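Let's take a walk through this structure together, one region after another. Keep the viewer open so that you can follow each stop.

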Amino acid sequence: MTDTVLSDSEKFINRELSWLDFDDRILNEAKDSSIPLMERLKFLSITASNLDEFFMVRVASLKDQVNAGYKGRDIAGMTALEQIEAIQNYTHDFTDRQYTTYNRSLIPLLLNSGLKIISHFEDLTEEQSEYVDKYFRSEVFPVLTPMAVDSSRPFPLIRNKSLNIGALLQDKSDKNTVDFATVQVPGGLPRVVTIPTDEDQCTTVILLEQIIEKNISRLFTGYKVLCATPYRVMRNADLPFDEDEAADLLIEIEKQLRRRQWGEPIRLEVESGIDKQLLKVLKRELPIHEEAVYRIRGPLDLTFLMKVYLLDGFDDLKDKPFTPQQPKYLEPDRDLFEQIREHDILLHHPYETFDPVVKFIAKAASDPDVLAIKQTLYRVSSHSPIIASLAAAAENGKQVSVLVELKARFDEENNIVWARKLEEAGCHVIYGLVGLKTHSKITLVVRREEDGIRRYVHLGTGNYNDSTAKLYTDMGLLTCKRSYGEDATAVFNMLSGYSEPMAWNKLSLAPQWLRKKFLDLIRREEHTATKKRPARIIAKMNSLCDKEVIEALYSASAAGVQIDLIVRGICCLRAGVPGLSDNIQVRSIVGTFLEHSRIFYFENSGEPEIYMGSADWMPRNLDKRVEILFPVEDPVLKKDIIELLNIQLNDTKKARFMQPDGHYEKLDMRGKKPVSAQETFQAMAMKNKK
């Protein structure tokens, strides 16, 4: 392919199909025989969870466009309807590959390793059958609510993502009448149930829906159960509401959350052997079209595999657990504020522990010299110590201001709970901004010291979530430099009121200034290359789909700028296309930890500049969110970040490289030593400990 044969739309990859390719890269981890078996199960579970969210949000959004009669095309030249058709073709095939991996690879390997998953209740021994029936009577039956559908009882509302069993019933007194009935598999009971086994050194489990299906006749006495099959419906879970018309954002979001369970059906999953008449009823009553029906060759909703992963007794089939280490630039027994005054501190999670961030806020809450704490919260853990510290700070009489983003998708309910708790403790809570999501990660601590007021700032690439900080790779910076503190104050004044600074010292914010900042940096490298001076860009992010940024990268590539992109997920740019992107290489790293940090390197004629932040190169980040980009200027820290980037660029074990047609391939490793960036970072953290 060359520039001369590519139309404008052919220069870009469709965002949705690119995301599906990312989920396929995760599926490849589940297929990889070099990975411990239980870890492969976890990867397969993640593909299912990812696909659920993709349908609930992305496919749902495309459906909304079709329903609204929108005929516009995306940057790859596809209409919403064309995208839906392409997605359905892809995901039907993808689902088949998921279950081929499950049935032909993972299940036999699990059995050989001492774990048997009963695929159907008919496979139970007599003793197991009796145990299951007893379990049903004592633990399951009291919880169930069977619902019949007839002339007096309409088809019930089926909750989003819930697992159900549909049945056709024949009245024993009137064999000419066939009715539909359904029962929801209760989410409050364990889906994976361990049962007795005669086999030595073997654990046997059965899924809850199999137990219910085996005993379903007990729910409909007086009827003959002609057939019964599990099914699951996925609904539109996007929250459409007019913020300008909402008198109270919190109340409006609560109202919309209740509607999420009953949105338009997007996908119907059924077992592959479902009775035709039963399927006809489901398709008619939901309603849903044939192309949105997914016939599954195995148990529905593979996210249950995460529960299997957590079963006791199989540690030898898992990665050796890694304990986050003490940060390289922190001494645990010394005062944290004192160390920040001495030098900026770089944090690299999860290789280095997230504890310093938690302690930073906890110490500020109890320190009598701290006057104020200000923080943005996007996603926090269910038992957040940070929330507890903020509440304690307010109760200790400190000025505490917290922006809790209520529109953080699928964390809305959690954030509403925390927002109310913080308000009750006396914090000033801001419920996000109208028309924008606040996605930035910043904390400001204002402290009275001997030489006057000093401002301590934490800036990060990831959420203030102590749980995900053990799973996501992120970077953070602790500093008390005046320029950062002044900018941090300006950020919170903007968020809480209408004050906008005349100029910024260090920070760049979206949606007003960040797009221009990135484009200026890219174009500066392009200009530098035309002058035959050192020019290079290394950018690490989650997603790249902004057309203007991509076109700027193409232009820089044509000028001779060497561009290395480390993009975990969506990438709408085509790499390595002659005449278009000869100097651009794109790699995606999928490993034990979720790559989440955003790091940007610009060569700048041999005087490198490094930035980190919360934003990806996506229109939503640059135009519709409050995001922060911050420079790392300490020479020692810059050297460390360059080393981290180079290690990722040399990853040959987990990195997959984009080809000109958009698909990804691993390097040919014959005769080469495999290098894993994540394993290298773990080893480095352990070495620093010593």
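The crossing of helices H1 and H2 is left-handed. Bear in mind as you look at it that this is a predicted model. H1 covers residues 15-31 and H2 covers residues 37-67, and the two pack at an angle of about 165° with their axes 8 Å apart. Angles over 145 degrees count as roughly antiparallel, so H1 is roughly antiparallel to H2.

Which residues of H1 and H2 make the contact? On the H1 side, they include Trp 19, Leu 20, Phe 22, Ile 26 and Leu 27, along with Arg 15, Glu 16 and Asp 23. On the H2 side, Phe 43, Leu 44, Ile 46, Leu 51, Phe 54 and Leu 62 are among them, as are Arg 40, Thr 47, Asn 50 and Arg 58. Sorted by character, the residues of this contact divide into twelve nonpolar, two polar and seven charged.

From here, stay with H2 and let it lead you to the strands. H2 lies across strands E7 (223-235), E8 (265-271) and E9, and runs at about 140° to E8. These strands belong to an open sheet of six, in the order E2-E4-E3-E7-E8-E9, with mixed pairing. Where does this sheet end on either side? The edge strands are E2 and E9, each of which pairs on one side only. From one strand to the next, the twist averages 30°.

Within the sheet, have a look at E3 and its partner E4 (residues 174-184). The two pair in the antiparallel sense over eight bridges. To find one of the bridge partners, start at Gln 170 and cross to Val 178 in E4.

Now for the loops, where some backbone details are worth a stop. Lys 161 sits in the loop between strand E2 (147-149) and strand E3 (163-171). Although Lys 161 is not a glycine, its phi is positive, at about 70°. Is Lys 161 buried or partly exposed? With a relative accessibility of 37%, Lys 161 counts as partly exposed.

Asp 301 is another non-glycine residue with a positive phi, here about 60°. You will find Asp 301 in the loop between E9 and helix H8 (305-309). The cut-off for buried is under 20% relative accessible area, so Asp 301, at 15%, is buried.

Two prolines come next. The peptide bond from Leu 286 to Pro 287 is cis, and its omega is near -20°. Pro 287 belongs to the loop between helix H7 (276-285) and strand E9 (293-296). Further along the chain, His 349 and Pro 350 are also joined by a cis peptide bond, with omega about 0°. The loop that holds Pro 350 runs between strand E10 (345-349) and helix H10 (355-366).

The last stop is Ser 483, in helix H13 (residues 482-496). Its relative accessible area is 19%, so Ser 483 counts as buried. What does Ser 483 touch, leaving aside residues up to four places away in sequence? Its contacts are Asn 505 and Lys 506. For another point of reference, look for Gly 432: Ser 483 and Gly 432 are 51 residues apart in sequence, and their C-alpha atoms are 25 Å apart in space.

Terms used: Residues are numbered from 1 along each chain as its sequence is written. This is a predicted model: local features need pLDDT of at least 70, side-chain atom pairs count only at pLDDT 80 or more; totals for chains, interfaces and linings use all residues. Side-chain values use heavy atoms; hydrogens and water are left out. Axes are lines fitted to C-alpha atoms, for helices over the stretch in contact, and angles run from 0 to 180 degrees between N-to-C directions. Helices (H or I, at least four residues) and strands (E, at least two) are DSSP runs, numbered from the N terminus. Angles under 35 degrees count as roughly parallel, over 145 as roughly antiparallel, 65 to 115 as roughly perpendicular and the rest as oblique. A crossing is left-handed if the near helix is turned anticlockwise from the far one by less than a right angle, and right-handed if clockwise. Contact means heavy atoms within 4.5 Å. Ala, Val, Leu, Ile, Met, Phe, Trp, Tyr, Cys and Pro count as nonpolar, Asp, Glu, Lys and Arg as charged, and the others, Gly among them, as polar. Buried means under 20% relative accessible area, exposed over 50%, partly exposed in between (1.4 Å probe, protein chains only). Two strands pair if DSSP finds at least two bridges between them.
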